[in-house]
Amino acid sequence: MGKLMGSPDALKMAEGFGISATAFKTLGVIELLSVILFIYPRTGILGTLLLAAYMGGAIASHLEHGLPIMAPIFISAFVWIAAVVRFPELRQRILNS
């Protein structure tokens, strides 16, 4: 929510990453839309893929700036575990490939 609201702490963090306030707010919108797609059952798998890609970018950004990567890794793991539990077809594809 800090990304969408433009909180001073969030903007300071974005500045440290070299991201403008407008781009940071856009990232917040993308993140929110991905979460909505993830929650809605009909688009849940698409949301899973978008969140996984988003968190991959977060991990890469953290690595580039020498920040701890455990938070985005845990969030990504949670997304994948939730998706495998929620969507049997995804579980079947992952386990039977």
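Read along the sequence, this chain runs α-α-α-α-α-α. That comes to six helices and zero strands. The model is a predicted one. Its C-alpha trace spans about 45 × 25 × 15 Å along the principal axes. Of the 97 residues in the chain, 25% are buried. About 6600 Å² is exposed, and carbon and sulfur atoms supply 70% of that area. Among contacts with a separation of 6 or more, 43% join residues 24 or more positions apart.

Start with helix H3, residues 21–39. At 1.5 Å a residue, its 19 residues should span 27 Å. The end C-alpha atoms are 27 Å apart, so expectation and model agree. Four residues of H3 are buried: Phe24, Gly28, Ser34 and Phe38. They cover an arc of only 130° around the axis, which means that they sit on the same side of H3.

Take Ser34 from that set. This residue of H3 has a relative accessible area of 3%, so Ser34 counts as buried, the cut-off being under 20%. The Ser34 side chain reaches the backbone oxygen of Ile30 at 2.9 Å. Leaving aside residues up to four places away in sequence, Ser34 touches Gly47, Leu50 and Leu51.

Leu37 also lies in H3. Its relative accessibility is 25%, and therefore Leu37 counts as partly exposed: that class runs between 20% and 50%. With residues up to four places away again left out, Leu37 touches Thr43, Gly44, Leu46, Gly47 and Leu50. Gly47 and Leu50 are thus contacts of Leu37 and of Ser34. Arg91 is another matter. Leu37 and Arg91 are 54 residues apart in sequence, and their C-alpha atoms are 18 Å apart in space.

Now turn to the core. In soluble globular proteins, nonpolar side chains tend to be buried together. Here the largest nonpolar core has seven residues: Phe38, Leu51, Val79, Ala82, Ala83, Phe87 and Leu90. Helix H5, residues 70–86, gives the most to this core, with three residues. Phe38 belongs to the core and is one of the buried residues of H3. Leu51, another core member, is touched by Ser34.

Ala83 completes the picture. This core residue touches Phe38, Thr48 and Leu90, not counting residues up to four places away in sequence. Of these contacts, Phe38 and Leu90 are named in the core.

Notes
Residues numbered from 1 in each chain as written. Predicted model: local features only at pLDDT ≥ 70, side-chain atom pairs only at ≥ 80, totals over all residues. Heavy atoms only, no water. Helix = DSSP H or I, 4+ residues; strand = E, 2+ residues; numbered from the N terminus. Expected span 1.5 Å × (residues − 1). Buried < 20%, exposed > 50% of the residue type's maximum accessible area, 1.4 Å probe, protein only. Arc of directions from axis to C-beta. Core = buried A, V, L, I, M, F, W, Y, C linked by side-chain atoms within 4.5 Å. Contact = heavy atoms within 4.5 Å. Polar contact = N/O pair within 3.5 Å; in protein donor to acceptor, adjacent residues only side chain to side chain. Areas by Shrake-Rupley, 256 points an atom, 1.4 Å probe, with all protein chains shown as cover.
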